[in-house]
Amino acid sequence: MKHVLPKLMLLLLAVTQAMAQTREVSGTVTDQSDGSTISGVNIVVKGTSTGTSTDSNGRFSLQVPSSASTLVVSFVGYVTQEVTIPPSNTVSIILVPSANELQEIVISVGSRGPQRTITDTPLPVDNLAVKELQTTGQITFDKALQYRVPSFNTVNTPVNDATSLFDPYEIRNLGPSRTLILINGKRKNLTALVYTQTSPGRGETGADLSAIPTDAIKRVEILRDGASAQYGSDAIAGVMNVILKDRYEGTTISVNSGSTLKYGGVGYGVNYNSGANFGEKGFINYNISFNRQEAAIRKDPIDPARDFTDLTDGSANAQAGVNAFLARYPDGLNKNGTPDNTSAKFLINTAIPVGINSEVYANAAYVYRKTKSFANYRQPYWRIDQGLLHKRIPGAPDYTGDDYTGGPNGAAVQAAFAADKAAGLYEGYIGYQPSFDGDLSDYNGTIGFRSADMGGWKQDMSLTVGGNKMLFTVDNTVNRALVKNSPTSFKPGGFAFNHLVGNIDFSKPLSDKFFIAIGSEFRSENWELIAGDTASYSSEGANSFPGFQQNNAIKANRFNFGAYVDLTWDITENFLIGGTFRSEIYSDFGAANVYKLTSRYKIADSFTLRGSVSTGFRAPTLHQQYLQLTQASFVGGDIVNTGLANNFSKEARLIGVPRLKAEKANNISFGFGFNPNSNLSVTVDYYQIRIKDRIIYSNEVSDVIQGVTIDNISFFINAAETQTSGIDIVASYRNLPLGQGRMAINLAGNYTIENELVGGYESLNTNFGYDIYNQTQESLLTTSRPKTKFILGIDYALGKFSFNLNNTLFGKTTFNNADLDENLFLEFTPNVVTDLGILYNFTSQFSASLTLQNLLNVFPEYKLKAENPAGESILADPVQVRDQINNITFNGRYPVLTYDGSQFSQMGTMFLFQLNYRF
């Protein structure tokens, strides 16, 4: 007892001292627009985790340390404020609706001239805060953009392979290659992959948007206008500038989990964001993210009659085998869905003040991702491969031939196998499904120095590095030519890309109305095709994904140098004009010179007219120039060349394929902005983009030239001319009173007036002399993305609750699928996907949210349409219609998306639950 009493006295003394070192602060929070009180507002003592929230009458009281001097006040839909605690310890806080904040955000993309606000810029720019992306409930950055930006489209493909590492995206239906991606204003590296599937984005490459952790983003600026004159190659459709979080505002940790309701695909993740501030402007902000997404698998029934016709020799034994297997496994054990995905992402952003008006800045990011997807299941009636039989069933006999149905001995092989199986030798053998594993690493980093201490000139010097590497593994398959000596796991190779970018920019106001900016950029790029192991490519190669041959392995490099001058003149307070000229020299194809003219005129403070005219270019990527997947073989004593030939190859020379050159573009845009008050804003913009010498991935060509047999050779070529035009609409109304809460309504839409291949695919074939393009490829290029896309969003804040309801209208898309009769085409009909998000703030530090994606469980729907009377005749016959649908779905394996894809996901309703804690 004598030891306990002193300890109690010390404890009481400590509590008394602590109470003496705190004081109570109280107050009321109201809305600036109408003076009403606001409940659920977060009140936090700056630099601590101490906080509270306002009650239903907008009041709060809080014990704060005696040394505390500032409160941080925040609430959804309002500008975050820092409020000084007065001596009276009683405060009256007036929150400003965030519409005002949005209008005053400085836009950094689109001009090298003086930075302007979103209502003052002469160009159409979408500005998305990170909260808008997070409320979509989408785990990855690219999929969040799909449900926030009407002109942006991306979707998982039904058959993945290497594309499980990269889903092609596009702005204004122009492919991933024609949108430039920036991180804090600096060019992000491309992926190493060229997308070669017969689906949207064919023959293209782009930056890996899913590598950017959403929680590390402060906001995203999307310039919907050509900007090659400002930024160089790739900026034909527009520029996306990802602004990273900077000043430290508290440490946050979030955990999430979700799934589809019907098809599995459980996912879970954790995100951690923290940092520190030093001085008035210095900061370090870093983000760590781990995510795991299991595969979501549809189980769609296969048509037995068509599998019997397509995949067997038509014998009675085969018929019995098909019926028995599909009676037991209606889906044939096929796995159609999204790939298995595991990723780890790390990002850091920092700035260190140097003197009064200068700073050293840097950012770096690294992501590792591992994916697993599946090829079509090899049912036992379709294919028996002795390599797998011998490994799974020791002592299995050899058959004459290695394919269950193919080749001259197919019937004998089948009969022998059927007899052995009937004898019980292969009891339990149910075929196999090859899997495809991808290992990806992606990194980027920038270090730079900016200063305003050069006699009125501002300078910005930076060095950026970035890279992307993909290595592949194919498992549970064989090289059938090696028969029982075949391995069942292969390393088919991969791709790698990296770049080094140096920038130096200077700017200065020559007067209060005239501004000049000049600068230059040097860029070095490297691309590599990495060969696979010998077994993966010898003879037939690994079944489902043959490896890259050693003789096709290559390392390619190029460099370019560019310079620009940018002038901006405010002729009057209301009338602005600007112009930019850029010249670039590339080591591989030559020079490019482009310009841009912009103007903005304010008819009134609330109404602005704007427009631009520009030329642009896109340099052919190293991937497109050097990718080669050719194979030479002896057939009947002759050398036969097949596959994809690059533009430096002998095959390309024989066919007459020239070296690739830059695409050239002409852009026109004009529109208006209307802001009658701080809560209402409307913008409408028209655009037209004409691209000449557009690079396409050709059809296969066959010929005998100078004694060399060319058999199904494809290539990249500057052959297309396209014209795209449309209208973008963005409207929002904020701070509408509804009951005890506030509501905001947002409408954004994109309508494509035209997206056409000038002259059609026939003109390309006529001009070149070979059939290098067809209806399938033309539709992928021009009509495979929604003709219209509108997003109607409603945000409602009530006390500690926040609700978000989004309706996304995906307009029609059309395809001329490769296996569809030429007299028909496929049309996906318009559909609306509804998402609902609910967030509850338990305290100022702790919140939980639930997002239901595709709440009404809507699926893509398509119809077959007739091109002509012959097509109408097919559609009038149910048997022929069923045959056509089997053609494009591989006998029912891919009934929703078909092989070519659709407007949105085939997985139906999904949910995501997330817990957030701030300290």
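Is Arg 610 buried or exposed? Select this residue to begin the tour: Arg 610 is buried, with a relative accessible area of 10%. Buried means under 20% relative accessible area, exposed over 50%, and partly exposed in between (1.4 Å probe, protein chains only).

The model is predicted, so local features need pLDDT of at least 70 and side-chain atom pairs count only at pLDDT 80 or more, while totals for chains, interfaces and linings use all residues. Residues are numbered from 1 along each chain as its sequence is written, and side-chain values use heavy atoms, with hydrogens and water left out.

**Confidence**

Colour the chain by pLDDT, the predictor's confidence in each residue, from 0 to 100. The mean pLDDT of the chain is 86, and 87% of its residues reach 70 or more. Next, select residues 99-106, where the pLDDT is below 50; beyond near neighbours in sequence, this stretch has 25 contacts in the model. Residues 632-640 also have pLDDT below 50, with 13 contacts beyond near neighbours in sequence. A contact means heavy atoms within 4.5 Å. Where pLDDT is low, the predicted coordinates should not be read in detail.

**Salt bridges**

Return to Arg 610 and add Asp 685: their side chains meet in a salt bridge (2.8 Å, N to O). Arg 610 lies in strand β31 (residues 607-618) and Asp 685 in strand β35 (residues 680-697), so the pair ties together parts that are 75 residues apart in sequence. Asp 685 is buried, at 2% relative accessibility. A salt bridge is a side-chain nitrogen of Lys or Arg within 4 Å of a carboxyl oxygen of Asp or Glu, and by this rule the count comes to 39.

Select Arg 298 and Asp 300 next; the closest N and O atoms of this salt bridge are 2.9 Å apart. Arg 298 is buried at 7% relative accessible area, and Asp 300 is buried at 11%.

Move to Asp 460 and Arg 450, which form a salt bridge at 4.0 Å, N to O. Asp 460 lies in strand β25 and Arg 450 in strand β24, so the pair ties together parts that are ten residues apart in sequence. Here Asp 460 is buried, with a relative accessible area of 16%, whereas Arg 450 is partly exposed, at 31%.

**Nonpolar patch**

Stay with β24 (435-454) and β25 (457-475), and add β23 (358-374): each supplies at least two residues of a nonpolar patch. This surface patch, of about 760 Å², includes Phe 290, Tyr 366, Tyr 443, Ile 447 and Leu 463. Patches are made of residues with over 30% relative accessible area and no salt bridge: like charges are joined within 9 Å, nonpolar side chains (Val, Leu, Ile, Met, Phe, Trp, Tyr) within 5 Å. Accessible areas come from the Shrake-Rupley method with a 1.4 Å probe; for residues, only the protein chains shown count as cover.

**Strand pairing**

Helices (H or I, at least four residues) and strands (E, at least two) are DSSP runs, numbered from the N terminus. Two strands pair if DSSP finds at least two bridges between them.

Select β17 (residues 252-260) and β18 (residues 267-278), antiparallel strands joined by seven bridges. Ser 254 has Asn 271 as its bridge partner in β18. The two strands form a hairpin with six residues between them, and Gly 264 in the turn has a positive phi of about 75 degrees. Now add β47 (residues 910-918), which runs antiparallel to β17 and is joined to it by nine bridges. Ile 253 stands opposite Tyr 917 in β47.
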